[in-house]
Amino acid sequence: MKPDQQIPRNALAWIILSLFTLVAPHVERIPFWVLAVYVFAAAWRIMVFRGRWSFPGRWVKAGLIISSFAGIYFSYGSIIGLEPTIALLLTAFALKLIELAQRKDGYVLLFLGYFICITEFLFSQDLPIVLYSLLNVTLVTTALVAMHRPGEHQFNRKTIRLAAVMLLQALPLMLVLFFLFPRIGPLWSVPIKSHTAKTGVSDFMRPGDISRLGKSDEVAFRVQFEGDIPNPADLYWRGLVMSRLEEGAWRSLRYFDVPAAERRPRPVQTSGAALDYQVIIAPTQQHWLYSLRYATPASPGIMTSPDYVLFTPAEIEDERLYRVRSWPEAQLELTLSDYRRGVELQLPPTENPATTAFARELYEQANNPRAFVDAVLARFTQEAFSYTLNPPLLPEDNPLDAFMFQTRTGFCEHYAAAFVVMMRAAGVPARVVAGYQGGEVNPLNRTVIVHQFDAHAWAEVWLDGEGWVRIDPTASVSPDRIEWGLERALEKEGSFLSDSPLSLMRYRGVAWLNILRLRYDALTYRWQSWVTGFNRDRQFQLLNDVFDGISARKFVLVLIGTWLLVLLPIAFSLLRRRDKHPLPAQDKYYLQFCQRMAALGFVRAPGETADAFCARICRALPGMATDVREITTLYCGVAYAAQARPGDEATQQLKRAVARFRPAKVIGFDRQRA
Amino acid sequence: MPEHHRRTATRGIKHRMRRRFESWVNRRIPPARAVTLDQKRIFIFPSRTGLFFALCLLVMLTAAVNYQNNMSFALTFLLATLFIVGILHTYANLSGLTIRALRANPVFPGQHTEFAVQVERSGKREHFALHLKWPESTESLVNLCEQDTVQVQLHMPVGKRGWYSPGRLLLESTYPLGLLRSWTWIDLDLYAMVYPRPLPSTELPGLATDRPEGAAIPIAGSDDFYGFRDYRHGDSLRQIHWKGLARGQGVQTKQYGAYASRSVWLDWDMFPGLGTEQRLSHLCYWALEFEGRNEEYGLRLPGLVIEPGLGGRHRDRVLQALALYGVERRPQ
């Protein structure tokens with residue numbers, strides 16, 4: 001092997017280290033045996049380095065590759081899809097280490113390492129992950145540098161320092177490129193995250209579904225209003241409208257269930273003040289977006305369903321930023337089509353006979369829809385209904401009868417479902433709406449943080465002349481839930497986030513911890529809003545704001561200008577000639593001493609030795625003879641001793657002696673004596 | 001034949017281009033015994049690894065575009081700009097180095113000669129993985145970390161008699177990232193002297209009949225005493241002049257007849273009818289032969305006479321005269 005093809009020991013150590021740090025964040029989604037492959041590969045390569053084992057033969061390699069393919073297939077049930085592909089990539093990464101013999105193998109391995117950083121970003125672009133990946137990139141770059149430092153077999157701090165310095169120098173250039181590089185749409189469709197769980201509210205609601213969300217403290221989305229933040233009690237984030245009741249579960253109408261003529265939302269007469277806000281939603285793997293009614297999208301690529309819910313054609317796989325303008329006072333669908341009316345009145349005929357009979361009875365007493373709504377709500381308030389995160393299990397048959405007349409404890413979805421069933425039984429069009437209610441206001445950046453535990457279900461009733469009216473039966477049972485949020489509503493029960501003892505949300509009472517959490521949340525929002533949520537619109541907006549319109553010429557000028565601004569100082573500091581031989585330390589100190597003497601008129605003559613100079617001073621100024629002799633002896637000792645090294649004890653002594661030496665004071669003393 | 005013509009034509013173009021390139025390099029980096037590398041002398045271009053890296057970046061960019069993933073964009077751009085910054089660092093690894101020609105050992109044809117150069121740094125920056133090589137030579141990989149200078153010996157086979165020019169020394173490095181290769185070709189004005197190939201002839205023609213003037217008659221036998229000289233380390237104890245030592249004359253060694261000198265003239269005209277190179281080869285053989293026999297020999301070439309003598313320095317003089325006979329001066 002050529003000498004420049006060898007991999008120094010140091011580089012091998014850096015490579016193995018970066019291998020493990022790269023795989024670490026993937027641990028949660030790869031099979032356990034892949035980690036075992038990493039340990040095995042590292043152990044094998046170290047044994048090869050020690051000369052105990054040899055590199056694997058062709059057949060061994062083929063066997064390893066085939067068995068890892070088989071392993072991935074058995075672990076995921078397929079090798080197609082994003083997760084299996086990445087697991088395969090990670091396995092190949094480990095196996096490549098075993099056959100790492102030459103520098104060119106090292107290049108393949110390390111470039112693959114950079115790529116693995118990118119695969120991590122497909123799952124999360126959160127700040128901690130990004131910072132961690134930056135560390136990974138530094139380690140991989142260090143390994144790359146170490147491969148080009150032949151003969152270096154000891155750990156050397158300078159290797160990682162150089163890698164870090166180069167990355168730091170590249171960082172400003174990268175930022176310019178990041179904000180200027182044109183964002184184009186996807187070139188072709190790519191494998192999606194098939195194995196990631198859908199999160200948040202689902203399009204299928206059985207009793208108990210939302211209370212499960214109530215136990216999670218993850219952030220569903222964050223909202224920033226352009227004006228004042230409305231009262232949290234009014235923040236009903238509509239996500240899904242569920243009009244169908246089938247087999248005890250509520251679900252929304254599918255696109256193709258609706259006849260073509262009904263697929264477009266009916267125009268709405270907007271009135272009152274508008275709310276403008278921006279939402280950054282965490283990936284849900286679902287289609288719908290949350291908004292306050294009546295919402296009109298202000299970002300491209302968002303559509304409105306006939307029940308006035310916003311959705312996107314593609315599933316939300318990454319954090320997504322969208323802007324909305326809402327008209328809270330607008331009236332929805334003042335006239336109801338026959339088809340709509342039919343849908344919103346549909347009920348399985350034989351289910352829950354007691355509840356439906358009770359509803360009809362109540363309607364006859366009330367005699368008009370509005371009074372009937374109030375009567376049902378009054379029922380919830382007056383009877384012994386209670387609000388709980390852990391409702392008892394309801395029977396398969398006629399669950400609402402059991403809820404209304406026996407258990408009488410439930411979470412929001414129980415109340416919403418029971419309310420809508422009663423409305424429909426009495427002939428009042430009604431539907432369930434699922435989404436979130438409320439949110440935590442972060443005072444640091446005026447955003448509203450909506451958590452999963454804010455998930456909520458309520459009802460909409462169609463009233464003549466008013467259109468769809470929001471009715472929240474939960475507010476009748478537990479006003480605290482709407483006014484103050486879930487934590488207050490569950491105070492007595494003590495069940496708020498009881499399954500997650502480490503959740504920071506539980507410690508909102510500890511002031512400094514809460515401030516820290518809110519600070520971090522504000523940082524996350526800023527990060528998502530400016531970095532991960534940066535898209536074509538934001539780019540266009542930014543360039544327009546900063547450069548007052550964009551043209552190709554300006555683009556090139558800005559790019560070249562900023563790059564030169566960064567690169568020229570780097571080039572200058574790298575290429576400037578340094579002093580060929582900087583003065584040794586002892587000479588520097590002795591020259592200091594000579595300068596001080598020169599200030600008194602004692603200039604050392606050219607060619608005058610240190611000893612001769614010393615003798616001359618001592619004759620003229622006997623008062624400082626001791627000091628001058630000490631300095632001279634020390635200097636000669638360091639300068640002419642073969643084994644003296646800069647920075648050793650004698651040099652330090654000389655330094656101190658020169659620092660102590662104040663000839664002006666001594667002279668003053670001499671004169672006084674004279 | 002058109003095929004043949006075309007081939008010669010392309011070869012002609014190639015040859016001409018190479019000549020033009022060489023003259024361009026010669027103008028840009030003229031030959032010198034010591035060359036300090038600066039902007040004019042350092043070339044830089046992505047290495048093969050760098051091109052592979054660019055390909056990888058393209059794949060990463062495609063992934064970033066297809067997944068619309070901003071952090072992937074950021075990482076791709078970070079690596080792309082690392083490449084840009086790497087240009088400066090790779091360049092700086094050669095910048096400021098001084099390469100000094102030290103020596104080239106004279107050698108016989110077919111043997112390997114040693115060229116020695118010294119690499120010095122200016123300033124305290126560490127330089128790594130400096131790869132030095134002449135077109136035909138062995139290669140060497142050196143670092144400049146603790147010491148300011150490093151000497152490098154490169155070996156290569158030499159060509160025919162005269163001055164052997166190793167061509168331009170290639171100094172290259174891909175440090176620190178391997179993505180870029182910076183290099184320089186320098187002509188260190190360093191030549192190795194190549195002696196004639198020693199060619200034995202059965203006997204020295206004309207030595208007996210046409211004995212050159214001034215040649216000494218060989219002294220037969222090794223028992224005849226002919227003088228004293230000062231004791232040297234290694235002389236046999238039996239040859240020490242013990243009586244003289246006893247008389248206080250210091251330690252002296254008795255010398256015997258085998259070491260007596262005899263002068264032989266090696267003459268250009270000894271080999272009539274042979275070509276120049278063959279004559280020189282025979283002369284070279286006999287010079288080495290007499291040197292081995294410890295017999296004094298002189299050399300007569302047209303226009304050059306070296307008085308008979310013996311010993312390393314004399315031998316070198318004779319061999320040098322033979323090596324450079326007819327070679328006017330160092331090639332330019």
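A residue counts as buried if 20 or more other C-beta atoms lie within 10 Å of its own, and as exposed if 12 or fewer do. The model used here is predicted.

**Exercise 1. Describe the two sides of helix 22 of chain A, residues 625-640.**

Step 1. Check the length. The helix has 16 residues, and at 1.5 Å a residue these should span 22 Å. The end C-alpha atoms are 22 Å apart, so the two agree.

Step 2. List the buried residues. They are Val628(A), Ile631(A), Thr632(A), Leu634(A), Tyr635(A) and Val638(A).

Step 3. Look down the axis. The buried residues of helix 22 fall within an arc of 165 degrees, so they line one face. A general rule helps here. An α-helix has 3.6 residues a turn, so residues three or four places apart point the same way.

Step 4. Turn to the face away from the buried side. It carries the exposed residues Thr626(A) and Tyr640(A).

Step 5. Find the cover. Helix 20 (585-599), helix 21 (610-620) and helix 23 (649-660) of chain A are among what covers the buried residues.

**Exercise 2. Find the edge strands of the open sheet 7-10-9 in chain A.**

Step 1. Read the order. The sheet has 3 strands, with antiparallel pairing.

Step 2. Count partners. Strand 7 (288-289) and strand 9 (303-304) each have a single partner strand, so one side of each is left without a neighbour in the sheet. These two stand at the edges.

Step 3. Inspect one pair. Strand 7 and strand 10 (residues 310-311) pair over 2 bridges. Trp288(A) stands opposite Phe311(A) in strand 10.

Key. Residues are numbered from 1 along each chain as its sequence is written. Chains are lettered from A and ligands numbered from 1 in the order in which they are written. This is a predicted model: local features need pLDDT of at least 70, side-chain atom pairs count only at pLDDT 80 or more; totals for chains, interfaces and linings use all residues. Two strands pair if DSSP finds at least two bridges between them. Helices (H or I, at least four residues) and strands (E, at least two) are DSSP runs, numbered from the N terminus. The expected span of a helix is 1.5 Å times one less than its number of residues. The arc is that of the directions from the helix axis to the C-beta atoms. Two residues are in contact if their C-beta atoms, placed from the backbone, lie within 7 Å.
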